Amino acid sequence: MRVIFSDLDGTLLERDTYCWKAANAALLVLKERGIPWLLVTSKTRAEVDHWRRVLGNVHPFVVENGAAAFIPRGYFTDAIPGATRREEYEVIRWGKPYSELVRGLDAAVHASGCRVHAFHDMTAQQVASACHLPIDQAELAKQREYDEPFEIVDTERSGELEAALDAQGLSCLPGGRFYHVCGRHDKGGAVTMLAGMFRRAHGGVETIGLGDSCSDIPLLLAVDIPIVVSSPELSAIVQHVPKALVAVPEGPAGWNDAVLEVLGDQDKSP
Ligand SMILES: [Mg+2]
């Protein structure tokens with residue numbers, strides 16, 4: 001069986017409009033054939049809940065750059081080691097608590113003299129305009145649990161800031177729009193664990209991964225068929241993942257064509 005792991009922003013969703021409709025043909029094929037497609041994103045649980053409803057997705061998902069995996073209860077028959085039950089999900093957490101990240105980022109700003117503009121200091125209105133999001137979605141985006149996005153104001157001091165975060169055991173990951181401070185986790189660890197669960201449940205599994213930014217490199221390295229959706233970071237990603245296929249055009253249209261091609265359904269491409 002095949003399992004797809006996909007980033008959202010700039011990959012399945014258009015970077016600025018968050019529209020996915022150009023991927024409709026491929027999504028229909030996945031649903032018709034019962035092929036699992038898992039969202040693996042820097043978005044929050046609250047945002048992914050929204051997008052799973054909009055997209056009609058019923059599969060496990062990964063939030064906040066690999067900080068936690070949410071598996072619908074009963075999705076796998078075997079017990080999930082290390083999972084805790086939370087509402088209708090089994091949750092595996094790798095991330096550090098949000099309050100610890102905010103404290104760590106403040107300390108790193110102080111130590112490095114590199115000013116930042118972080119989510120916890122931004123109003124929902126400011127997040128909405130920075131991310132081109134409607135205000136209700138900006139409120140969902142502010143419900144961080146394991147990852148704090150920020151913009152660097154003093155870019156010439158970014159190296160010192162990264163070192164100060166590293167000294168506290170925190171990671172600084174570049175994303176499509178923001179940097180992210182988080183614990184020592186990435187999308188790749190979560191994808192590897194979930195792929196293992198599919199293999200235990202179903203035997204032979206071929207994994208396909210799609211992403212558009214450098215924070216997707218660990219995801220792309222963790223799958224059998226990595227696909228980079230075109231973006232300004234394309235060449236940096238391909239350097240790290242030389243066997244990656246490249247989806248053109250950008251965003252959901254490229255996602256659609258690449259998924260149909262890998263599944264052998266190019267003729268259904270619009
Ligand atoms: Mg992205």
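**Two sheets, two domains: a short tour**

Hi everyone, let me start with one strand pair: strand E8 (residues 147-152) and strand E10 (residues 179-182) run antiparallel and are joined by four bridges. Before I go on, please keep in mind that this is a predicted model.

To pick out one rung of that pair, Glu-148 has Val-181 in E10 as its bridge partner. Now let's zoom out. Which sheet do E8 and E10 belong to? They sit in an open sheet of four strands, ordered E7-E8-E10-E9, and the pairing is antiparallel. At the edges you'll find strand E7 (116-118) and strand E9 (171-174), each of which pairs on one side only. From one strand to the next, the twist averages 35°.

What lies across this sheet? That is helix H3, residues 98-112, which lies across E7, E8 and E10. Against E8, helix H3 runs at about 25°.

On to the other sheet. Here nine strands form an open sheet with mixed pairing, and the order reads E5-E6-E4-E3-E2-E1-E11-E12-E13. Why is one side of E5 and of E13 left without a neighbour in the sheet? Strand E5 (84-86) and strand E13 (245-247) are at the edges and have a single partner strand each, so there is nothing in the sheet on the other side. On average, and ignoring direction, neighbouring strands in this sheet are turned by 25° against each other.

Let me pick one pair here too. Strand E1 (residues 2-6) and strand E2 (residues 37-40) run parallel, with three bridges between them. If you'd like a residue to click on, try Ser-6: its bridge partner in E2 is Leu-39. Helix H2, residues 45-55, packs on this sheet and touches E2, strand E3 (61-63) and strand E4 (68-72). The direction of H2 makes about 145° with that of E3.

Last topic, the domains. The domain assignment splits the protein chain into domain 1, which is 2-94 + 186-268, and domain 2, which is 98-182. Their C-alpha centres are 24 Å apart. How many residues are in contact across the two domains? On the domain 1 side there are 18, and they meet 15 residues of domain 2. Our helix H2 comes back here: with four residues, H2 gives the largest share of the domain 1 side that touches domain 2. Sorted by class, that side of domain 1 has seven charged, seven polar and four nonpolar residues.

That's my tour, thanks for listening!

Technical notes. Residues numbered from 1 in each chain as written. Predicted model: local features only at pLDDT ≥ 70, side-chain atom pairs only at ≥ 80, totals over all residues. Pairing = 2+ DSSP bridges. Axes fitted to C-alpha atoms, helices over the stretch in contact; angles between N-to-C directions. Contact = placed C-beta atoms within 7 Å. Domains from an automatic or database assignment. Nonpolar A, V, L, I, M, F, W, Y, C, P; charged D, E, K, R; others polar.
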